[in-house]
Amino acid sequence: MEQAVKDGVDVLSLSLGGAPKPFYNDNVAIASFGAVQNGVFVSCSAGNSGPASSSVSNVAPWIMTVAASYTDRGFPTTLFLGNGAKFEGSSLYYGKSIKNLPIVYAGTAGGKKQGANYCINGSLDKKLVKGKIVVCDRGLNGRAEKGQIVKSARGAGMILVNGDRNGGEEMLADPHVLPATSLGASAGKELMNYIASSKAPTASIVFRGTTYGANAPVMAAFSSRGPSSIGREVIKPDITAPGVNILAAWPPVTAPTQLKTDKRRVLFNIISGTSMSCPHISGIAALLKSTHQNWSPAAIKSAMMTSAYDLDNTANPIADLGSSSSVSATAFAFGSGHVDPERASDPGLVYDVSTEDYLNYLCSLDYNATQKSFECPEGSDFRPGDLNYPSFAVNFKRGGGGRRTVTNVGTDVCSYRVKVEEPVGVSVVVEPEVLEFGRLGEKLGYSVGFVAAAGGGDSVPAFGSVVWSAGKYSVRSPIAVTWEQQ
C-alpha cells in the first residue's frame, strides 16, 4: 500500500480483511491512514461473516467499508417435488433439466456412514446414490465440492439446502459440475417434510438461465454486520454495492469451481462476496475523483454516503436476507444505503475530514503516544461523536451528541432545511434547523443532541436519519442508536 501511494495512485481497492482489531494493531488501518493522508481514497470489504452482529471488519473511519447486496439479475431454477410443490432455487449449471428422479438424503444416501447429510468426502454409498438426486445440507465443505462428491458417487443431481444459520434464504449461483440447485432454508424444511412423509420421494430440477427484474437491491445474508466492535461511535459498514452473483474476470488456468477434478476453463465467472462489492465503490470513487479533482478522500466518501438510497426498485425498504426479526435492512447491514453514482457526482453538501480530525478522534479514544506519533492536545473537549462523519452512531452508555460541519459543493446561494426521522425511544434536536450558504466552498456547522425519551431504551438498536434538503438536493445521514456496550 505504501508503494502504491509512492506510485501515485488515486484509489486503493482492498478486497481483503479479517477479524476487527484496535486500529494501532491493524496493518490495513495503519497503511490506509497513511494513504488517506496523501490524498488516496481507500475502500475495503466489510467481510463475509454475516449475518452475525458486530462481524464487520475494516472499520477505521478513514476507510470506506463496503457491504454486499443483490442486483435484479438472477440465475433461477425451479424445483418440482413429487407431491406437486415447487420452489425457486439458483444455479449456474447450464445443462439439461432432470425430471422425476428419486430423492435420497442422509441415511438413504450413505447408509450408516457419518456425514452423508453434508455430502462430505467418502460419506455417500454409490449403490444408494446412483441415478438419484442427493440432498446435501450446507456446511462442513464447499458448495461446489458437494456436487463433485455426489457426481463421483454416480448421483444424477443435487439439492443444496441452507439452514437457518447457514445461508438462510440466500441463494448463491454456483457453477456446479452436475445438475444442482440451491434451496433456501424455509423451502428446505418443506423438502425435508416431504422426504420424511413419502415412501418414494421424487423431484425435478428445471434450469431457467438468466433472468432480470427481481426486487433489488436486497442485502446478502453473508455480508458482515455492525455495530463495529472497534470504535462504536462510527456506523459500519458505510455503504452497500452489488456483491452477489457478479460477472468477474477469471484466470483461465483455474476451473470455475476451483476444484482440481473440474477440467472446465472460463474467462469469466460469477462470484459473490464483499470482495465483489468493494471494487464497485472503488470504480465510482475513481469517477468522482476525475470529476472533482480537488476533493479529498473524505469528501468523495461523504458524497457517496449522503446520496445513497434505502429503497429498492419497487419503492419499498431494502430487504435483508440475513434478518430474522425484520424484512427490512438497517444501517448495521447497509450503512447509509446503496450507492447511487449519479447523485454522488452532485451531492450538494459534503462532510470533509482532515488528518488532524482523525488524530483528534484517536486521542478521544485514549490512544497513547506509543501507539501513534502525534501529541494529543491537552484539555480538548473533542469527543468520538464529534468526528465530522456523514453518519451518527450513538451509544447511550457513553452519552449522545455531536458537532458536524458541511461544505457547500452544490450551488452558490442556497438554503438547506433539516428534517429528522427520530429513532424509536430517542428525541433528536438539531441546531440550527436552517443552513444559509452564500457561496460555493462555504462551510457551516450544526450540532445534534440525542436524548432518550421517557421509558425509551432497551437492548434493541434503533435507527433514524438527519436529512438536509434544498431544491434537488437531499443530503441524508443515518442514525444508529445502541443502548449499552455489547
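This passage walks through the overall build of one predicted chain and then a few backbone spots in it.

The model is predicted, and local features are taken only at pLDDT of at least 70, side-chain atom pairs only at pLDDT 80 or more, while totals for chains, interfaces and linings use all residues. Residues are numbered from 1 along each chain as its sequence is written, and side-chain values use heavy atoms, with hydrogens and water left out.

Starting with the whole chain, there are 11 helices and 24 strands; these are DSSP runs (helices H or I, at least four residues; strands E, at least two), numbered from the N terminus. The radius of gyration, taken over C-alpha atoms, is checked against a globule rule of 2.2 Å times the number of residues to the power 0.38. With 486 residues, that rule puts a compact globule near 23 Å, so the chain's 25 Å agrees. Laid along the principal axes, the C-alpha atoms fill a box of roughly 75 × 55 × 45 Å.

As for packing, 53% of the 486 residues count as buried (under 20% relative accessible area, with exposed being over 50% and partly exposed in between, using a 1.4 Å probe and protein chains only). Contacts are heavy atoms within 4.5 Å, and of those between residues at least 6 apart in sequence, 70% join residues at least 24 apart. The accessible surface comes to about 21300 Å², 51% of it from carbon and sulfur atoms; the areas come from the Shrake-Rupley method with a 1.4 Å probe.

UniProt, in an unreviewed entry, lists residues 2-316 as "domain: Peptidase S8/S53"; such annotations may be inferred rather than shown by experiment. Over that stretch, residues 2-316, the chain is 24% helix and 22% strand, and the end C-alpha atoms sit 43 Å apart.

On to the backbone details. Most residues other than glycine have a negative phi, and most peptide bonds are trans. The bond from G50 to P51, however, is cis, with omega near 0 degrees, and P51 falls in the loop between strand 2 (41-45) and strand 3 (64-69). Another cis bond, again with omega near 0 degrees, runs from K236 to P237; here P237 belongs to the loop between strand 11 (218-219) and strand 12 (239-242).

Positive phi values turn up too. R154, not a glycine, has a phi of about 70 degrees and is part of the loop linking helix 5 (143-152) and strand 8 (157-161). Q258 has a phi near 65 degrees and sits in the loop between strand 13 (246-249) and strand 14 (268-271). Q258 counts as exposed because its relative accessibility is 60%.
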